[in-house]
Protein chains: 2
Amino acid sequence: MRYELYYWPDIQGRGEFVRLALEDAQADYVDVMRRGNGERTKGTRDKMAKLLDGTRVARPSFAPPFLKAGSLLIGQSANILQYLGPRHDLAPKAEAGRLWTHQLQLTVADFVKEIHDTHHPITSRLYYEDQKKEAKRNSKYFREARAPKYWAYFENVIDQSGGPYLLGRKITYADLSIFEIVDGLRFAFPKMTKRLERKHPLMSALHARVAGRENIARYLASKRRIAFNEYDIFRRYRELDG
Amino acid sequence: MRYELYYWPDIQGRGEFVRLALEDAQADYVDVMRRGNGERTKGTRDKMAKLLDGTRVARPSFAPPFLKAGSLLIGQSANILQYLGPRHDLAPKAEAGRLWTHQLQLTVADFVKEIHDTHHPITSRLYYEDQKKEAKRNSKYFREARAPKYWAYFENVIDQSGGPYLLGRKITYADLSIFEIVDGLRFAFPKMTKRLERKHPLMSALHARVAGRENIARYLASKRRIAFNEYDIFRRYRELDG
(Lines give C-alpha, C1' and ligand atoms only; values in the text may rest on other atoms or scores of the structure.)
Protein backbone atom coordinates (compact mmCIF):
# COMPACT_ATOMS: atom_id res chain seq x y z
CA MET A 1 0.00 0.00 0.00
CA ARG A 2 1.32 3.40 -0.99
CA TYR A 3 0.41 6.21 1.40
CA GLU A 4 -0.83 9.48 -0.06
CA LEU A 5 0.07 12.58 1.93
CA TYR A 6 -1.96 15.72 1.27
CA TYR A 7 -0.49 19.02 2.37
CA TRP A 8 0.39 22.48 1.07
CA PRO A 9 3.29 22.11 -1.36
CA ASP A 10 5.18 25.34 -0.53
CA ILE A 11 5.68 25.09 3.22
CA GLN A 12 6.98 22.68 5.81
CA GLY A 13 4.13 23.55 8.17
CA ARG A 14 2.38 20.86 10.12
CA GLY A 15 2.84 18.45 7.23
CA GLU A 16 6.57 18.36 7.91
CA PHE A 17 6.11 16.35 11.11
CA VAL A 18 4.49 13.64 8.99
CA ARG A 19 7.01 13.94 6.15
CA LEU A 20 9.90 13.39 8.60
CA ALA A 21 8.33 10.18 9.89
CA LEU A 22 7.60 8.86 6.39
CA GLU A 23 11.14 9.70 5.28
CA ASP A 24 12.85 8.22 8.32
CA ALA A 25 10.83 5.03 7.89
CA GLN A 26 11.47 4.96 4.13
CA ALA A 27 7.75 4.38 3.80
CA ASP A 28 6.23 4.05 0.37
CA TYR A 29 4.42 7.38 0.01
CA VAL A 30 3.64 10.15 -2.38
CA ASP A 31 3.41 13.79 -1.37
CA VAL A 32 0.51 14.34 -3.72
CA MET A 33 0.60 18.13 -4.06
CA ARG A 34 4.37 18.08 -4.71
CA ARG A 35 4.33 15.33 -7.29
CA GLY A 36 6.28 16.24 -10.41
CA ASN A 37 8.58 18.63 -8.53
CA GLY A 38 5.67 20.53 -7.11
CA GLU A 39 4.40 21.65 -10.48
CA ARG A 40 0.78 21.94 -9.62
CA THR A 41 -2.00 21.19 -11.97
CA LYS A 42 -5.64 22.01 -11.53
CA GLY A 43 -6.25 18.29 -11.20
CA THR A 44 -4.01 18.02 -8.14
CA ARG A 45 -5.56 21.01 -6.44
CA ASP A 46 -9.02 19.66 -7.11
CA LYS A 47 -8.07 16.31 -5.63
CA MET A 48 -7.11 17.82 -2.28
CA ALA A 49 -10.15 20.09 -2.29
CA LYS A 50 -12.42 17.15 -2.96
CA LEU A 51 -11.05 15.16 -0.03
CA LEU A 52 -11.67 18.16 2.25
CA ASP A 53 -15.24 18.51 1.04
CA GLY A 54 -17.58 17.03 3.59
CA THR A 55 -20.38 16.62 1.11
CA ARG A 56 -18.17 14.31 -0.97
CA VAL A 57 -16.22 12.23 1.55
CA ALA A 58 -17.45 10.56 4.71
CA ARG A 59 -14.68 11.59 7.08
CA PRO A 60 -13.22 14.88 5.88
CA SER A 61 -10.44 16.66 7.74
CA PHE A 62 -10.90 20.19 9.02
CA ALA A 63 -7.60 21.15 7.38
CA PRO A 64 -4.49 19.57 5.82
CA PRO A 65 -2.37 17.57 6.45
CA PHE A 66 -4.23 14.33 6.00
CA LEU A 67 -3.07 10.89 4.96
CA LYS A 68 -4.79 8.39 2.73
CA ALA A 69 -3.84 4.90 3.85
CA GLY A 70 -5.81 2.41 1.81
CA SER A 71 -9.45 3.12 2.60
CA LEU A 72 -8.57 5.23 5.65
CA LEU A 73 -8.44 9.00 5.52
CA ILE A 74 -6.62 10.25 8.62
CA GLY A 75 -6.36 13.89 9.66
CA GLN A 76 -4.55 15.88 12.37
CA SER A 77 -0.77 15.46 12.25
CA ALA A 78 -0.47 13.95 15.74
CA ASN A 79 -3.17 11.44 14.84
CA ILE A 80 -1.43 10.51 11.59
CA LEU A 81 1.81 9.97 13.51
CA GLN A 82 0.03 7.84 16.06
CA TYR A 83 -1.20 5.66 13.20
CA LEU A 84 2.20 5.43 11.51
CA GLY A 85 4.33 5.05 14.66
CA PRO A 86 3.85 1.41 15.67
CA ARG A 87 3.67 0.32 12.01
CA HIS A 88 7.10 1.74 11.19
CA ASP A 89 8.98 1.13 14.40
CA LEU A 90 8.67 4.78 15.38
CA ALA A 91 6.66 4.17 18.56
CA PRO A 92 6.34 1.43 21.16
CA LYS A 93 3.70 -1.18 20.46
CA ALA A 94 2.47 -1.49 24.07
CA GLU A 95 -0.32 0.86 25.15
CA ALA A 96 1.54 2.70 27.93
CA GLY A 97 4.38 3.65 25.61
CA ARG A 98 2.06 4.58 22.77
CA LEU A 99 0.05 6.90 25.02
CA TRP A 100 3.19 8.55 26.38
CA THR A 101 4.64 9.11 22.90
CA HIS A 102 1.35 10.60 21.75
CA GLN A 103 1.15 12.80 24.83
CA LEU A 104 4.57 14.22 23.99
CA GLN A 105 3.45 14.78 20.40
CA LEU A 106 0.35 16.67 21.53
CA THR A 107 2.60 18.87 23.67
CA VAL A 108 4.75 19.48 20.58
CA ALA A 109 1.55 20.47 18.75
CA ASP A 110 0.68 22.98 21.47
CA PHE A 111 4.20 24.43 21.21
CA VAL A 112 3.85 24.69 17.41
CA LYS A 113 0.60 26.62 17.76
CA GLU A 114 2.26 29.08 20.13
CA ILE A 115 5.17 29.47 17.72
CA HIS A 116 2.73 30.22 14.90
CA ASP A 117 0.89 32.74 17.03
CA THR A 118 4.04 34.78 17.69
CA HIS A 119 3.62 36.24 14.19
CA HIS A 120 -0.17 35.82 13.93
CA PRO A 121 -1.67 36.58 17.35
CA ILE A 122 -4.79 38.25 15.95
CA THR A 123 -5.79 35.98 13.09
CA SER A 124 -4.25 33.89 10.35
CA ARG A 125 -6.57 35.72 7.97
CA LEU A 126 -4.47 38.88 8.06
CA TYR A 127 -0.88 39.39 6.95
CA TYR A 128 1.88 39.64 9.51
CA GLU A 129 2.28 43.30 8.63
CA ASP A 130 -1.26 43.94 9.79
CA GLN A 131 -0.60 42.56 13.27
CA LYS A 132 3.04 43.42 13.77
CA LYS A 133 2.56 45.42 16.94
CA GLU A 134 0.60 42.61 18.56
CA ALA A 135 3.15 40.09 17.30
CA LYS A 136 5.91 41.98 19.10
CA ARG A 137 4.00 41.90 22.35
CA ASN A 138 3.18 38.21 21.98
CA SER A 139 6.78 37.31 21.09
CA LYS A 140 8.17 38.94 24.20
CA TYR A 141 6.23 36.52 26.40
CA PHE A 142 6.97 33.66 24.08
CA ARG A 143 10.72 34.28 24.35
CA GLU A 144 10.75 34.98 28.06
CA ALA A 145 8.27 32.43 29.36
CA ARG A 146 6.65 29.99 26.99
CA ALA A 147 9.53 28.75 24.84
CA PRO A 148 11.82 28.29 27.88
CA LYS A 149 9.07 26.35 29.64
CA TYR A 150 8.50 23.93 26.75
CA TRP A 151 12.22 23.59 26.13
CA ALA A 152 13.03 22.76 29.75
CA TYR A 153 10.14 20.30 29.80
CA PHE A 154 11.43 18.29 26.86
CA GLU A 155 15.03 18.55 28.09
CA ASN A 156 13.93 17.00 31.37
CA VAL A 157 12.06 14.21 29.60
CA ILE A 158 15.23 13.25 27.71
CA ASP A 159 17.24 13.50 30.91
CA GLN A 160 14.86 11.31 32.93
CA SER A 161 14.68 8.63 30.24
CA GLY A 162 18.46 8.35 30.16
CA GLY A 163 18.50 9.70 26.58
CA PRO A 164 19.54 10.25 23.92
CA TYR A 165 15.88 10.25 22.86
CA LEU A 166 12.66 11.23 24.64
CA LEU A 167 11.87 7.64 25.52
CA GLY A 168 15.46 6.55 26.07
CA ARG A 169 17.46 4.51 23.62
CA LYS A 170 14.74 3.99 21.00
CA ILE A 171 13.75 6.78 18.65
CA THR A 172 10.06 7.68 18.13
CA TYR A 173 8.20 10.02 15.84
CA ALA A 174 8.13 12.55 18.70
CA ASP A 175 11.92 12.83 18.46
CA LEU A 176 11.66 13.67 14.77
CA SER A 177 9.25 16.43 15.74
CA ILE A 178 11.62 17.77 18.38
CA PHE A 179 14.29 17.90 15.67
CA GLU A 180 11.92 20.05 13.60
CA ILE A 181 11.18 22.36 16.53
CA VAL A 182 14.89 22.94 17.25
CA ASP A 183 15.64 23.37 13.56
CA GLY A 184 12.76 25.78 13.08
CA LEU A 185 13.44 27.88 16.16
CA ARG A 186 17.13 28.17 15.24
CA PHE A 187 15.91 29.73 12.01
CA ALA A 188 13.11 31.87 13.41
CA PHE A 189 14.47 32.97 16.80
CA PRO A 190 18.26 32.53 16.53
CA LYS A 191 19.12 34.69 19.53
CA MET A 192 16.59 33.15 21.84
CA THR A 193 17.44 29.65 20.70
CA LYS A 194 21.14 30.17 21.31
CA ARG A 195 20.36 31.03 24.93
CA LEU A 196 18.13 27.99 25.32
CA GLU A 197 20.67 25.64 23.78
CA ARG A 198 23.44 26.94 26.00
CA LYS A 199 21.41 25.88 29.00
CA HIS A 200 20.00 22.62 27.63
CA PRO A 201 22.51 20.37 25.88
CA LEU A 202 20.27 17.32 25.50
CA MET A 203 17.85 18.99 23.08
CA SER A 204 20.76 20.03 20.85
CA ALA A 205 22.25 16.55 21.03
CA LEU A 206 18.91 15.02 20.04
CA HIS A 207 18.67 17.41 17.09
CA ALA A 208 22.16 16.45 15.87
CA ARG A 209 21.48 12.75 16.29
CA VAL A 210 18.27 12.94 14.25
CA ALA A 211 19.94 15.07 11.57
CA GLY A 212 22.61 12.41 11.30
CA ARG A 213 20.28 9.51 10.69
CA GLU A 214 20.88 8.21 7.21
CA ASN A 215 17.37 8.61 5.84
CA ILE A 216 16.87 11.99 7.46
CA ALA A 217 20.23 13.30 6.27
CA ARG A 218 19.38 12.22 2.72
CA TYR A 219 15.96 13.86 2.98
CA LEU A 220 17.33 17.14 4.34
CA ALA A 221 19.81 17.33 1.47
CA SER A 222 17.14 16.60 -1.13
CA LYS A 223 14.76 18.90 -2.95
CA ARG A 224 11.94 17.27 -1.05
CA ARG A 225 12.89 19.30 2.03
CA ILE A 226 11.29 22.71 1.53
CA ALA A 227 13.40 25.63 2.74
CA PHE A 228 12.16 27.78 5.61
CA ASN A 229 10.31 30.76 4.25
CA GLU A 230 8.05 33.60 5.27
CA TYR A 231 4.79 31.84 4.62
CA ASP A 232 5.48 29.11 7.09
CA ILE A 233 5.15 28.47 10.82
CA PHE A 234 8.79 29.24 11.51
CA ARG A 235 9.54 32.76 10.25
CA ARG A 236 12.54 34.93 10.78
CA TYR A 237 11.44 38.41 11.70
CA ARG A 238 14.32 40.15 13.45
CA GLU A 239 12.01 42.40 15.42
CA LEU A 240 10.42 39.37 17.13
CA ASP A 241 13.67 37.81 18.31
CA GLY A 242 15.90 39.16 21.05
CA MET B 1 -9.39 0.65 39.98
CA ARG B 2 -10.38 4.18 40.93
CA TYR B 3 -9.19 6.86 38.51
CA GLU B 4 -7.66 10.01 39.93
CA LEU B 5 -8.25 13.17 37.90
CA TYR B 6 -5.95 16.09 38.54
CA TYR B 7 -7.07 19.52 37.42
CA TRP B 8 -7.63 23.05 38.69
CA PRO B 9 -10.56 22.98 41.12
CA ASP B 10 -12.14 26.36 40.25
CA ILE B 11 -12.67 26.12 36.51
CA GLN B 12 -14.19 23.83 33.93
CA GLY B 13 -11.27 24.38 31.57
CA ARG B 14 -9.77 21.53 29.65
CA GLY B 15 -10.46 19.20 32.57
CA GLU B 16 -14.19 19.46 31.88
CA PHE B 17 -13.92 17.39 28.71
CA VAL B 18 -12.56 14.56 30.84
CA ARG B 19 -15.05 15.11 33.67
CA LEU B 20 -17.97 14.83 31.24
CA ALA B 21 -16.72 11.47 29.98
CA LEU B 22 -16.11 10.11 33.48
CA GLU B 23 -19.56 11.29 34.58
CA ASP B 24 -21.40 9.95 31.56
CA ALA B 25 -19.69 6.58 32.03
CA GLN B 26 -20.33 6.63 35.77
CA ALA B 27 -16.69 5.71 36.12
CA ASP B 28 -15.20 5.28 39.55
CA TYR B 29 -13.09 8.41 39.89
CA VAL B 30 -12.04 11.12 42.25
CA ASP B 31 -11.48 14.72 41.20
CA VAL B 32 -8.52 15.02 43.55
CA MET B 33 -8.26 18.80 43.85
CA ARG B 34 -12.00 19.13 44.51
CA ARG B 35 -12.24 16.41 47.13
CA GLY B 36 -14.08 17.56 50.23
CA ASN B 37 -16.14 20.14 48.31
CA GLY B 38 -13.05 21.69 46.86
CA GLU B 39 -11.71 22.77 50.24
CA ARG B 40 -8.07 22.70 49.38
CA THR B 41 -5.37 21.72 51.74
CA LYS B 42 -1.67 22.18 51.30
CA GLY B 43 -1.40 18.41 51.01
CA THR B 44 -3.67 18.31 47.94
CA ARG B 45 -1.85 21.12 46.18
CA ASP B 46 1.46 19.45 46.90
CA LYS B 47 0.20 16.18 45.47
CA MET B 48 -0.63 17.73 42.08
CA ALA B 49 2.63 19.71 42.06
CA LYS B 50 4.61 16.56 42.79
CA LEU B 51 3.05 14.68 39.88
CA LEU B 52 3.97 17.59 37.57
CA ASP B 53 7.54 17.62 38.78
CA GLY B 54 9.73 15.91 36.24
CA THR B 55 12.48 15.26 38.74
CA ARG B 56 10.06 13.17 40.83
CA VAL B 57 7.93 11.27 38.31
CA ALA B 58 8.99 9.47 35.18
CA ARG B 59 6.32 10.72 32.78
CA PRO B 60 5.19 14.15 33.95
CA SER B 61 2.59 16.17 32.07
CA PHE B 62 3.39 19.61 30.75
CA ALA B 63 0.19 20.90 32.38
CA PRO B 64 -3.06 19.65 33.96
CA PRO B 65 -5.35 17.85 33.35
CA PHE B 66 -3.82 14.45 33.83
CA LEU B 67 -5.29 11.15 34.92
CA LYS B 68 -3.83 8.52 37.19
CA ALA B 69 -5.10 5.12 36.08
CA GLY B 70 -3.38 2.47 38.15
CA SER B 71 0.31 2.80 37.36
CA LEU B 72 -0.36 4.97 34.28
CA LEU B 73 -0.12 8.75 34.38
CA ILE B 74 -1.82 10.15 31.25
CA GLY B 75 -1.75 13.78 30.18
CA GLN B 76 -3.36 15.89 27.42
CA SER B 77 -7.16 15.84 27.56
CA ALA B 78 -7.61 14.32 24.08
CA ASN B 79 -5.16 11.58 25.01
CA ILE B 80 -6.97 10.85 28.27
CA LEU B 81 -10.24 10.60 26.36
CA GLN B 82 -8.69 8.28 23.83
CA TYR B 83 -7.65 6.04 26.72
CA LEU B 84 -11.06 6.13 28.41
CA GLY B 85 -13.23 5.92 25.28
CA PRO B 86 -13.08 2.25 24.30
CA ARG B 87 -13.01 1.18 27.97
CA HIS B 88 -16.29 2.92 28.78
CA ASP B 89 -18.23 2.47 25.59
CA LEU B 90 -17.57 6.07 24.54
CA ALA B 91 -15.62 5.24 21.38
CA PRO B 92 -15.55 2.46 18.81
CA LYS B 93 -13.17 -0.40 19.55
CA ALA B 94 -11.96 -0.85 15.94
CA GLU B 95 -8.98 1.23 14.83
CA ALA B 96 -10.65 3.22 12.04
CA GLY B 97 -13.40 4.43 14.35
CA ARG B 98 -11.00 5.18 17.16
CA LEU B 99 -8.78 7.28 14.89
CA TRP B 100 -11.73 9.21 13.51
CA THR B 101 -13.14 9.93 16.98
CA HIS B 102 -9.73 11.11 18.12
CA GLN B 103 -9.31 13.25 15.01
CA LEU B 104 -12.59 15.00 15.84
CA GLN B 105 -11.43 15.48 19.42
CA LEU B 106 -8.16 17.06 18.26
CA THR B 107 -10.19 19.44 16.12
CA VAL B 108 -12.27 20.28 19.19
CA ALA B 109 -8.99 20.97 21.02
CA ASP B 110 -7.91 23.37 18.27
CA PHE B 111 -11.25 25.14 18.52
CA VAL B 112 -10.90 25.41 22.31
CA LYS B 113 -7.47 27.01 21.96
CA GLU B 114 -8.89 29.61 19.56
CA ILE B 115 -11.76 30.30 21.97
CA HIS B 116 -9.26 30.84 24.78
CA ASP B 117 -7.18 33.14 22.63
CA THR B 118 -10.11 35.49 21.95
CA HIS B 119 -9.56 36.93 25.42
CA HIS B 120 -5.83 36.15 25.69
CA PRO B 121 -4.27 36.73 22.27
CA ILE B 122 -1.00 38.11 23.66
CA THR B 123 -0.23 35.78 26.54
CA SER B 124 -1.96 33.87 29.30
CA ARG B 125 0.54 35.49 31.65
CA LEU B 126 -1.26 38.84 31.54
CA TYR B 127 -4.78 39.71 32.63
CA TYR B 128 -7.51 40.20 30.06
CA GLU B 129 -7.56 43.88 30.92
CA ASP B 130 -3.96 44.18 29.76
CA GLN B 131 -4.74 42.83 26.28
CA LYS B 132 -8.30 44.03 25.79
CA LYS B 133 -7.62 45.93 22.60
CA GLU B 134 -5.95 42.93 21.00
CA ALA B 135 -8.74 40.69 22.28
CA LYS B 136 -11.30 42.81 20.46
CA ARG B 137 -9.41 42.51 17.20
CA ASN B 138 -8.95 38.77 17.62
CA SER B 139 -12.62 38.22 18.51
CA LYS B 140 -13.85 39.94 15.40
CA TYR B 141 -12.14 37.33 13.20
CA PHE B 142 -13.14 34.57 15.56
CA ARG B 143 -16.82 35.53 15.30
CA GLU B 144 -16.81 36.21 11.58
CA ALA B 145 -14.59 33.43 10.28
CA ARG B 146 -13.18 30.86 12.67
CA ALA B 147 -16.16 29.93 14.84
CA PRO B 148 -18.49 29.65 11.81
CA LYS B 149 -15.93 27.43 10.07
CA TYR B 150 -15.59 25.01 12.97
CA TRP B 151 -19.34 25.04 13.60
CA ALA B 152 -20.21 24.24 9.99
CA TYR B 153 -17.57 21.52 9.96
CA PHE B 154 -19.04 19.67 12.92
CA GLU B 155 -22.60 20.25 11.68
CA ASN B 156 -21.65 18.58 8.43
CA VAL B 157 -20.05 15.63 10.22
CA ILE B 158 -23.29 15.01 12.13
CA ASP B 159 -25.27 15.40 8.92
CA GLN B 160 -23.12 12.99 6.92
CA SER B 161 -23.19 10.31 9.63
CA GLY B 162 -26.97 10.40 9.71
CA GLY B 163 -26.87 11.77 13.27
CA PRO B 164 -27.87 12.45 15.94
CA TYR B 165 -24.22 12.13 17.00
CA LEU B 166 -20.94 12.78 15.22
CA LEU B 167 -20.49 9.11 14.39
CA GLY B 168 -24.16 8.38 13.83
CA ARG B 169 -26.33 6.55 16.30
CA LYS B 170 -23.68 5.78 18.94
CA ILE B 171 -22.43 8.49 21.25
CA THR B 172 -18.68 9.05 21.75
CA TYR B 173 -16.60 11.23 24.03
CA ALA B 174 -16.29 13.72 21.15
CA ASP B 175 -20.04 14.36 21.37
CA LEU B 176 -19.71 15.20 25.05
CA SER B 177 -17.03 17.71 24.06
CA ILE B 178 -19.27 19.25 21.41
CA PHE B 179 -21.91 19.66 24.11
CA GLU B 180 -19.35 21.58 26.17
CA ILE B 181 -18.40 23.79 23.21
CA VAL B 182 -22.03 24.72 22.49
CA ASP B 183 -22.75 25.26 26.18
CA GLY B 184 -19.66 27.38 26.64
CA LEU B 185 -20.14 29.51 23.54
CA ARG B 186 -23.79 30.16 24.45
CA PHE B 187 -22.41 31.61 27.67
CA ALA B 188 -19.42 33.46 26.24
CA PHE B 189 -20.67 34.66 22.85
CA PRO B 190 -24.49 34.59 23.13
CA LYS B 191 -25.16 36.79 20.09
CA MET B 192 -22.78 34.99 17.80
CA THR B 193 -23.94 31.60 18.98
CA LYS B 194 -27.58 32.47 18.38
CA ARG B 195 -26.74 33.21 14.75
CA LEU B 196 -24.79 29.97 14.39
CA GLU B 197 -27.54 27.88 15.94
CA ARG B 198 -30.18 29.41 13.72
CA LYS B 199 -28.25 28.14 10.72
CA HIS B 200 -27.15 24.77 12.10
CA PRO B 201 -29.87 22.80 13.88
CA LEU B 202 -27.92 19.55 14.30
CA MET B 203 -25.35 21.00 16.70
CA SER B 204 -28.14 22.33 18.93
CA ALA B 205 -29.98 19.01 18.78
CA LEU B 206 -26.80 17.17 19.78
CA HIS B 207 -26.33 19.57 22.70
CA ALA B 208 -29.88 18.95 23.93
CA ARG B 209 -29.56 15.21 23.56
CA VAL B 210 -26.34 15.10 25.59
CA ALA B 211 -27.80 17.40 28.25
CA GLY B 212 -30.72 15.02 28.56
CA ARG B 213 -28.66 11.91 29.19
CA GLU B 214 -29.40 10.71 32.69
CA ASN B 215 -25.86 10.79 34.05
CA ILE B 216 -25.04 14.09 32.39
CA ALA B 217 -28.27 15.73 33.59
CA ARG B 218 -27.51 14.60 37.13
CA TYR B 219 -23.96 15.91 36.85
CA LEU B 220 -24.99 19.30 35.46
CA ALA B 221 -27.46 19.75 38.33
CA SER B 222 -24.86 18.79 40.94
CA LYS B 223 -22.27 20.87 42.75
CA ARG B 224 -19.61 18.98 40.86
CA ARG B 225 -20.37 21.07 37.76
CA ILE B 226 -18.46 24.31 38.22
CA ALA B 227 -20.31 27.41 36.99
CA PHE B 228 -18.87 29.39 34.09
CA ASN B 229 -16.73 32.18 35.45
CA GLU B 230 -14.24 34.81 34.38
CA TYR B 231 -11.12 32.76 35.04
CA ASP B 232 -12.09 30.07 32.60
CA ILE B 233 -11.81 29.35 28.88
CA PHE B 234 -15.37 30.49 28.16
CA ARG B 235 -15.77 34.06 29.40
CA ARG B 236 -18.57 36.49 28.85
CA TYR B 237 -17.13 39.85 27.89
CA ARG B 238 -19.84 41.83 26.13
CA GLU B 239 -17.33 43.83 24.14
CA LEU B 240 -16.03 40.65 22.48
CA ASP B 241 -19.44 39.41 21.30
CA GLY B 242 -21.52 40.94 18.55
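A residue is called buried when its relative accessible area is under 20%. With that term in hand, the tour of this predicted model can begin.

**First stop: a stacked pair in chain B**

Select Tyr6(B) and Phe66(B), both of which are buried. The search of the whole structure returns 20 aromatic pairs over all chains. In the pair now selected, the ring centres of Tyr6(B) and Phe66(B) are 4.9 Å apart and the planes meet at 10 degrees, so this pair is stacked. Tyr6(B) belongs to strand E1 (residues 3-6) of chain B and Phe66(B) to strand E3 (residues 66-69) of chain B, so the pair ties together parts that are 60 residues apart in sequence.

**Second stop: a tilted pair and its cluster**

Next, select Phe142(B) and Phe189(B), an aromatic pair that is tilted, with 5.2 Å from centre to centre and 45 degrees between the planes. Phe142(B) is found in helix H5 (residues 132-161) of chain B, while Phe189(B) is found in the loop between helix H6 (173-188) and helix H7 (190-199) of chain B; the pair thereby links distant parts of the chain, 47 residues apart. Both Phe142(B) and Phe189(B) are buried.

Extend the selection to Phe62(A), Phe111(B), Tyr150(B), Tyr153(B) and Phe154(B), which ring pairs link with Phe142(B) and Phe189(B) into a cluster.

**Third stop: lysines over rings**

Keep Phe62(A) in view and add Lys149(B), which lies over the face of Phe62(A) at 5.0 Å from the ring centre. Then select Lys140(B) and Tyr141(B): the charged end of Lys140(B) sits over the ring of Tyr141(B), 5.0 Å from its centre.

**Fourth stop: Lys170(B)**

Lys170(B) is located in the loop between H5 and H6 of chain B. Is this residue, Lys170(B), buried or exposed? Its relative accessibility is 48%, so Lys170(B) counts as partly exposed. Beyond its neighbours within four places in sequence, Lys170(B) is in contact with Asp89(B), Tyr165(B) and Asp175(B). With Asp89(B), there is a polar contact between the two side chains, at 3.2 Å. Select Pro92(B) as well: Lys170(B) and Pro92(B) are 78 residues apart in sequence, yet 8.8 Å apart in space, C-alpha to C-alpha.

**Last stop: the two chains together**

Finally, display both chains in full. Chain A is superposed on chain B by a rotation of 180 degrees with 0.0 Å of shift along its axis (RMSD 0.0 Å). The two copies are therefore related as by a two-fold rotation axis. To locate this axis, select Pro121(A), the residue of chain A that comes closest to the rotation axis, at 2.8 Å (C-alpha). Of the interface residues of chain A, 100% are also interface residues in chain B, so the copies meet through the same surface.

Technical notes
Residues numbered from 1 in each chain as written. Chains lettered and ligands numbered in written order. Predicted model: local features only at pLDDT ≥ 70, side-chain atom pairs only at ≥ 80, totals over all residues. Heavy atoms only, no water. Phe/Tyr/Trp six-rings, centres within 6.5 Å; stacked < 30°, edge-to-face > 60°. Helix = DSSP H or I, 4+ residues; strand = E, 2+ residues; numbered from the N terminus. Buried < 20%, exposed > 50% of the residue type's maximum accessible area, 1.4 Å probe, protein only. Lys NZ or Arg CZ within 6 Å of the ring centre and 35° of its normal. Least-squares fit on C-alpha atoms with pLDDT ≥ 70 in both. Contact = heavy atoms within 4.5 Å. Polar contact = N/O pair within 3.5 Å; in protein donor to acceptor, adjacent residues only side chain to side chain.
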